[in-house]
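Please open the model in your viewer and keep the selection panel at hand, since this tour goes from one selection to the next.

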Amino acid sequence: MKIKKFSFRKFASHTILIIWSITVAMLVVWMVIASFKTNKTVFSQLWALPEKLSLVNFSNAWSNLDFGRYTFNSIFVVIISVALIIIISAPASYALTRMKMKFAQPITFFYLAGMGIPVQLLFIPLFKIMAPLNLINSLPGLIVVYVTLSIPFTVFLLTGFFLSIPSELEDAAYMDGCNEFQTFFKIMVPMATPGIVTAAIFNFIGLWNEYMLALIFITGKENKTLSLGLYSLYSSLQYTSDWVSIFAGSVLVIIPTMIIFIVLSEKLISGITMGAIK
Amino acid sequence: MKRRRYIAWIFLAPSLIMYLYFFVYPTIEAIILSFYKASGFTQNPEFVGFKNFSKLISDDSFLAALKNTLLLLVIGGIGIFLIAFIFSLLLGSGIKGKKVYRTIIFFPFIIAPVVHSIYWGLLVYNPRKGMLNQFFKLLHIEALAKFTFTEPKYVLWSVIFIVIWVSVGFYLILLMAGIERIPPYLYEAARIEGATELRMFFNITLPLVKEVLVIAIIFWGINAVKMFDLLYAFGGILPPRALWTNAIYLYIMGFGKRDPIFQLGYASAIGVVTLLLVIVISFIIRKLIRREIYEY
Amino acid sequence: MKKILLWLLVLTMCISMVASFSLVGCKEKAAPAEEEAVEAAEEEVAPTEEAAVGEPKTIVYWSLWNEQEPFATVVNKWIEDYKKVKPEITIEVVYVGREVMTKIMTARSGGETIDLVDTESYVLKGSLIKEGISLVMDEALDAPDYKGDNPWRDSFLAGTLEQYAADDGKVSVISYNLITNGFMYDKKLWRDNGWTVPETWDELLALCETIKTTSDISPITQDAGVDLYNDMWNYQIMEKLVGPGAILAAAGDETGMSWEDPAFKEAIEMERVLWDKGYIVEGAAGFTWPAGQLLLTTGEAAMELCGSWLPNELKTQVSDDFEWGTFPFPEIAGGVGKITDMESYLIGWAAFNDTKVGPEIVDFLKFCTTPENQQMLVDESWNMSTILGTNIPPAIQGLGEALLDSETLFSPHDGLPEAYPDYYKNVYLKNHHIAFIGDITPDEYIEVMKKETIEYWENQ
C-alpha cells in the first residue's frame, strides 16, 4: 500500500511539471520555428511549419546585429563587470559583517538604500560626471556604470552569506596567526563560494539582457551590446517590419546566455552542496 | 595577533569610492532636481520647493501607477513564491529529472523581454487567433473563448501572470539552494517521530530557509518596483496605460517616448517617492520575517 | 609574502581601473557647450554666407532612425554624395533610434556637441523650440535653395514650415517627411466584392453594413490597444464637424466649459456606433499591436484608419496580389470640414543654436531637400516628402492627391502633444481611450473631461 501511494504522488508531480514545461517549450519551439519562416507567413499562418529551412533570417540577424562584434562586446562588458563587482563587493561585505567595524550598521544601510534608486534618474547626473573622464561611448565606461549600479544588491547578498559562516573558523584562523587578508582569502572566500557564485549569476543575468543604460551611454555602433542590438531591431519594426529577424536574433542571443548559465550553474550547485557537507 | 580595525576600511575602500562618486553623488543631484521644475533641455531650472510632490499626490495617473506597482509586487510575489515552493516540494521528493525540470522552468528568465512581449501579446493573448482563446474554444467554454485578456481592464493581470511565469524558475533555484542546505538527518529524525510531509515543511523547511527567503523576497521586491523592460516593450508602440507602474510613469514623464513631456523635475520627484517606497517595503519584509541564523 | 601579494592585487586593480579610464579612444574632451549656450541665450540666426571653402568642419547629426530602416540607407547616400561635393565637410551621423531625444538630453547636459537632430517635428517643437535653443532658419529660407533658382522656402509644400514655427513665427524646424492619415484597404478585395470608396460618413456606415451582412470579412480593423491610434477617429471626426483646433482650444480652456460643445459628445457617439453595430472587428479592445493591422494583410478585415506609413510597414507581410488603396476621411453631413482637409504629420530637422557649423548645416539641408534627393526617400520609404516636385508613392495615391488639393492642413491629435503634452497623455488620451472602447458613456466622458481639465489647470 505504501508503495502505491508513493508512485501516485510522483505521477502527479510529473504531470504538473510536464504541463508547465510544455508551456515553456511552446515558447521556445515557436520562436525557433518562426525564425525559419518568412515575414509573409509568420503571422498569417501562425501554427504552420516553415516551407523551407533556410538560414537567411539568421544571416540577416547576424549581420544586422553585427553578431560577432556585439557578442564580443557583451561578453567583454558583462564578464568584466561581474568580476569587478565581486572583487570589490566581497571584501566590503566581509568587512561590514565580520570585522566588527564601528559604523557597520549605518554603512550597510547606506549601501542597501542604493537598491531603491530608479536608474533612469541617474542618466543625466551620471553622464555629467563621466563625460570629463572620457568614459562616454566606451565599453570601460559602461563597465563602470554596470559595476557601480550593482554594488548595492551584491553587497546585500554577500553580507547575508558572510553572516551565516560560523565564526569559530575565523577565530581559529586568527589563533593560527593569520592576518586579516589571509583569513579573508584562505578561509572566508572558499566558505562563501556559494554566495559569490550566486551573486555572479544574478549579476550576469541582469546585465546580459540590460539595454537601457547601454542605449544612453553607448553611441557608436562598434560599441553596442547584443541586447541593445536586439532592441534596435525591435524599434525599427515600424518601417522594416522584419519580425522574423527579431525572432532569429533572439534565438542567437540566447545561445551565449544558455552556455554560460549551464557552465556556471554546475558550480553553483556543487558549491552549495559542498557547503552543506562542511 | 590583534585585529587592526583600520584594515576593514581598506576592504571597504574600492567599493565605497566607486559608490560615492558614481552613485551617491548623482543620486543627490537627482534628488535635488526633484525640487525644481526642469525640462531636460532647459538651462535654467526653476526652483519650486515641494510643488512637485504636492502635484504627485493629486495626480491620478501617479496614484494609478502606484497602485499598479503594488499590485505587481504583492500579487506577483504571492504567485511566484507559492508556485516556487510547490515546485520545490515536487522536485525535492526525489523524482527523476530534477535538474532537467529546473532548467526548463528557469529558461524563460534568460530570454529577452522583447520576445516575451511579442509572444504573449500576439500569440497567447490574441483574442482572435491566440492560443488561450483557441484552447477555450476547443473546450467549448464560450465566455472564455471570447475573453479579451489584454483589454485595459485585465491587461495588468495578464501581464502579472507573464511575470510570474518568467520569474518562478529563478526563485525556485534560490529556494532549492536554501532547502538543499538543510541536513537530511533532520528530516530522518522527524520521519521516525512520525511527522507528516506538511508538518515537516512548516516546522523544518520553512524556518531553516528563512535567510534565503528574505534575500529572495527582497530581491523580488526591488525588481518588482523597478521593473521596466518587460512592461515597456509590451504593446509594441507604447506601453498601455493600464501597465504603467512607477518606473514606467517616471520614464514617460521625464523622457517620454514620442511625447515631448520632458518634465525632469517631476520625474525626479517620482523617483524619490519610489525610493522611499522601496525602503519602506524592505523594512516591512525584514520585520515580517525576522532574521534568525541557524548554525549547524 | 601573502601580504605583498595582496597589496599587489589591490594595486593592479587600481591601475587597471585608471588605465581603462585613460585608454578610452582618443576623443577630445567635449567643448564646454553649456557655457556658450548660456551666453547665446538670445536666438542665433543661421547666417546665409558660407564659411571659407576648404576649411574642414564636422556636423554631428543624431537621427531618430535606426540603422536598418530605409531612411538610414537614404541618409547615408545623401551624406556620401555630399562628401563628393564638399569633401571638407564631415557629417558624423549617429542612428540613435526613437529614443534620440532622451539621449540628446543626456548628452548635451554632459557637454557633448550635437549640431543637428531629426525627429518628429512636433517633438522638436515641444523641446528645442519651446526652450528657445534652436537655430532659426528664416534668413536661410529666404535665401536661394541648393540649385540657386528660388528661395528655399518655396520648395516646401505650403503650410509645412509654418506648422511648427515658434510662437513668434520664427521657423526652426525644416520638415522633410510628410505622413498623413486616412483609410487603407486592398483594392483587389474591394473590386472582387464590388465595394466602392465612401465620400461621406453616411456612405461609410452604409458600406460597413453591406460588408458585415454580405461577407465574413470585418468592415473595420483597429489596433484598439494603442490609445493614440484610437484618437485618430476622434480628431478626424472633430475636424470634419467643427474644423481643426477645437480640441486644442478645449484643452486650453481652464474653466473646462468648452467641453460642453455638443460636437465633442457627438464625436464619441459616432465612434460608439461603429462598435455597437459590430463594424469594428470583435475583440479589438484586447488587441496587442500589431494584431489589428495584421487582419488587413490577411484579408480578414476590409479597411483600417491609420497613418500613411502603414503600407510600407506591412509591405513584407501582404500577399502578392494585394493592391494598396487609400482614401481620406469622409465628410460629415452638417459639418464644416472638407474631405480634402488632411493631417500633416511631419518629421524634420532642427539645429541647436549653439552650433558652430550653422552655415554648413544649412547648406547640407538644402542639398538634402532637392527634389531629386527627396525622391530617393519617397521611393525607399513610401512616405511623401514636403518638397514640391516629388511624386506620391503609388500605395498612398488616394491620400496624396487629397493632400495636394488640400486647403487646410491640421496637426496630428489637433496639435495637443506639443502644446500640452502632459494633458494630452494623462487627461485626454486616458479618457478618450476608455470612452472609445465603451468603458464609460459619452456623457461620463464629457463630465470627466470637464472635471479633469479644471483640475489640470489648477495644478499647474
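Accessible areas, on which the first stop relies, come from the Shrake-Rupley method with a 1.4 Å probe. The model is a predicted one, and every value below is computed from it.

Select chain C to begin. Chain C exposes about 17000 Å², and carbon and sulfur atoms supply 55% of that area. Colour chain C by secondary structure, and 19 helices and 12 strands can be traced. Of its 460 residues, 62% count as buried. If you display the contacts in chain C between residues at least 6 apart in sequence, 78% of these contacts join residues at least 24 apart.

Next, hide chain C and select chains A and B together. Here 96 residues of chain B are in contact with 100 residues of chain A, and the area buried between the two chains is about 9200 Å², with carbon and sulfur atoms giving 76% of it.

Which side chains should be picked out for the salt bridge? Choose A:Lys128 and B:Glu29, whose side chains meet at 4.0 Å, N to O; the count between chain B and chain A is 1 salt bridge. Across this interface there are also 12 residue pairs in polar contact, with both residues at pLDDT 80 or more.

Now select residues 5–33 of chain B, which form helix α1; this helix provides 21 residues, the largest share of the side of chain B that touches chain A. Finally, colour that whole side of chain B by residue class, where its residues divide into 65 nonpolar, 11 polar and 20 charged.

Conventions. Residues numbered from 1 in each chain as written. Chains lettered and ligands numbered in written order. Predicted model: local features only at pLDDT ≥ 70, side-chain atom pairs only at ≥ 80, totals over all residues. Heavy atoms only, no water. Contact = heavy atoms within 4.5 Å. Buried area = accessible area lost by both parts, 1.4 Å probe. Polar contact = N/O pair within 3.5 Å; in protein donor to acceptor, adjacent residues only side chain to side chain. Helix = DSSP H or I, 4+ residues; strand = E, 2+ residues; numbered from the N terminus. Nonpolar A, V, L, I, M, F, W, Y, C, P; charged D, E, K, R; others polar. Buried < 20%, exposed > 50% of the residue type's maximum accessible area, 1.4 Å probe, protein only.
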